[in-house]
Amino acid sequence: MLVLVFGVDSGQYNELISGFTRACRQVTDSTAQVPDGQMIIHMIDVGQGDSVLVQTSEANILIDAGEVGKGDEVLEYLNSVGVERLNWVICTHPHSDHLGGMTAVLKEMPADNVMMPAYPESLEVYERFYLELRGILELKEIPITTAQPGAEYTFGELKMKVLWPADWQFSDDLNDWSTALRFSYGELDFLTCGDITEKAELQLLMSGAAVEAEIIKSSHHGSSYSSCEEFLSAAAPELALISCGKGNSYQHPHDNLLKRYRQHDIKWKRTDVCGNIRVICENGEYTIKTQK
């Protein structure tokens with residue numbers, strides 16, 4: 001049609017089509033909703049569970065997807081912020097309040113890589129949600145990387161470093177085998193450690209890992225058994241993001257934890273009060289936006 005109407009020869013036609021294809025690919029592969037020079041940390045409100053999206057103009061990294069039945073809500077949120085493909089999916093540990101919704105997400109959302117922790121055979125999980133997740137990963141041939149402390153990944157200005165778990169640790173609690181990550185973007189750092197308890201926190205400090213971060217995800221939904229004094233002193237955060245369900249039976253976030261946050265001059269935001277939370281990081285500073 002171009003040849004007939006506009007007198008475009010075949011060589012020009014092929015060049016036009018090639019250029020159009022490249023442009024479409026660039027639009028598809030980009031996350032245009034995030035301007036260059038920004039990192040956005042999204043704590044997605046999934047009730048009594050965890051789901052965090054770390055997003056820049058060059059990367060979309062999803063950490064957990066809430067309880068079984070929450071996957072569609074996570075997927076809807078991802079679509080609302082322009083995510084069309086996930087570069088990494090981090091499955092911190094196989095408890096249903098973290099990975100129950102991941103199968104529903106991965107059925108619809110393309111993903112390049114998945115990271116999972118190694119843990120002892122004695123703690124192996126055979127629950128349905130986890131078997132279904134492993135099944136969808138196999139079906140879609142998504143490569144699985146085992147979390148290895150010290151491993152680093154770079155996406156433009158964003159750096160992601162694996163801190164935990166270590167195979168020498170001593171714990172029979174699956175929470176303590178959660179994948180811990182430190183994201184660095186310019187002068188700001190974000191630390192997220194799944195559900196690790198004080199026992200793993202102290203061992204993580206013993207490993208010599210750098211845990212300093214201006215922003216942290218409160219481990220184990222604000223449990224009193226996480227974010228111990230030594231860990232908070234080493235991390236020295238300014239802001240803690242707490243994911244918990246309204247009126248949950250665990251009393252998360254626990255009063256003892258909030259007392260420690262006050263003593264360390266740490267401010268916090270919680271999903272049961274604020275709904276979805278976004279922390280926009282730019283030029284070494286951050287702003288907080290909440291749904292409620």
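In this predicted model, helix α7 spans residues 198-206, and its buried residues are A200, E201, Q203 and L204. These residues lie on the same side of α7 because the arc they cover around the axis is only 165°. The elements covering the buried residues of α7 include strand β8 (158-164) and helix α8 (229-235). Just past the end of α7, G208 adopts a positive phi of about 85°.

Strand β8 leads to the sheet. Seven strands make up an open sheet of mixed pairing, ordered β7-β8-β9-β10-β11-β12-β13. Its edge strands are β7 and β13 (267-270), each of which pairs on one side only. On average, neighbouring strands of this sheet are turned by 20° against each other, direction ignored.

At the β7 edge, β7 and β8 form a hairpin with two residues between them. G156, in the turn of this hairpin, has a positive phi of about 65°. The two strands pair in the antiparallel sense over four bridges, and E152 stands opposite K161 in β8.

In a regular strand, side chains alternate between the two faces of the sheet. Strand β7 (residues 152-155) shows this alternation: Y153 and F155 point to one face and are buried, whereas E152 and T154 point to the other face and are not buried. Buried here means under 20% relative accessible area.

Towards the other edge of the sheet, helix α9 (residues 255-263) lies across β11 (215-217), β12 (239-242) and β13. Helix α9 runs at about 145° to β13, which is an edge strand.

Definitions and conventions
Residues numbered from 1 in each chain as written. Predicted model: local features only at pLDDT ≥ 70, side-chain atom pairs only at ≥ 80, totals over all residues. Heavy atoms only, no water. Buried < 20%, exposed > 50% of the residue type's maximum accessible area, 1.4 Å probe, protein only. Arc of directions from axis to C-beta. Contact = heavy atoms within 4.5 Å. Pairing = 2+ DSSP bridges. Axes fitted to C-alpha atoms, helices over the stretch in contact; angles between N-to-C directions.
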